[in-house]
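I opened the model to look up a few positions and one helix packing, and I kept these notes as I went.

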Amino acid sequence: MAHHKSAKKRIRRNDARTQVNIARRGRVRSFLKKVESAIAAGDQSAARDALKLAQPEIMRGVAKGIMHKNKASRRISRLNARIKAMA
């Protein structure tokens, strides 16, 4: 347990940031899930629209530090390839 005032404040701030990051990660996952479900349903236009909405959200997650830039780019690229393969 922290004894210093600054250490207690740091614990409070870490907890607050953790909650924000969990919410951000969940938001990104929700957008990804919409794309995945559209691909699974076989609806190419819906999948394309969902990816168009998900892409800036994923990159916002990169900017906020919840995902690595290369991982985000790889996921977008693979989703795009799967959508193109549906044609």
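I began with alanine 54, which I found in helix 2; helices here are DSSP runs (H or I, at least four residues), numbered from the N terminus. I noted that this is a predicted model, in which local features need pLDDT of at least 70 and side-chain atom pairs count only at pLDDT 80 or more, while totals for chains, interfaces and linings use all residues. Residues are numbered from 1 along each chain as its sequence is written, and side-chain values use heavy atoms, with hydrogens and water left out.

Is alanine 54 buried or exposed? Its relative accessible area is 0%, so I entered alanine 54 as buried, the cut-offs being under 20% relative accessible area for buried, over 50% for exposed and partly exposed in between, with a 1.4 Å probe and protein chains only. Leaving aside residues up to four places away in sequence, I saw alanine 54 touch Phe31 and Val35, where contact means heavy atoms within 4.5 Å. I also looked up lysine 33, 21 residues from alanine 54 along the chain, and the C-alpha atoms of the two are separated by 9.5 Å.

Next I turned to glutamate 57, also a residue of helix 2, and at 8% relative accessibility I had to count glutamate 57 as buried. With residues up to four places away in sequence again not counted, glutamate 57 touches Arg27, Val28 and Phe31.

I then moved to helix 3, residues 69-85, whose 17 residues reach 24 Å from the first C-alpha to the last, close to the 24 Å expected at 1.5 Å a residue (1.5 Å times one less than the number of residues). I listed Ala72, Ile76, Leu79 and Ile83 as its buried residues. Seen down the axis, the buried residues of helix 3 fall within an arc of 65°, so they line one face; the arc is that of the directions from the helix axis to the C-beta atoms. On the other side of helix 3 I found Arg78, Lys84 and Ala85 exposed. The buried residues of helix 3 pack against helix 1 (5-41) and helix 2 (44-64).

How do the axes of helix 2 and helix 3 cross? They come within 10 Å and cross at roughly 175°, with axes fitted to C-alpha atoms over the stretch in contact and angles running from 0 to 180 degrees between N-to-C directions. I therefore entered helix 2 as roughly antiparallel to helix 3, a label for angles over 145 degrees. The contact includes Leu51 and Ile58 of helix 2 and Ile76 and Leu79 of helix 3.

Definitions and conventions: Helices (H or I, at least four residues) and strands (E, at least two) are DSSP runs, numbered from the N terminus. Angles under 35 degrees count as roughly parallel, over 145 as roughly antiparallel, 65 to 115 as roughly perpendicular and the rest as oblique.
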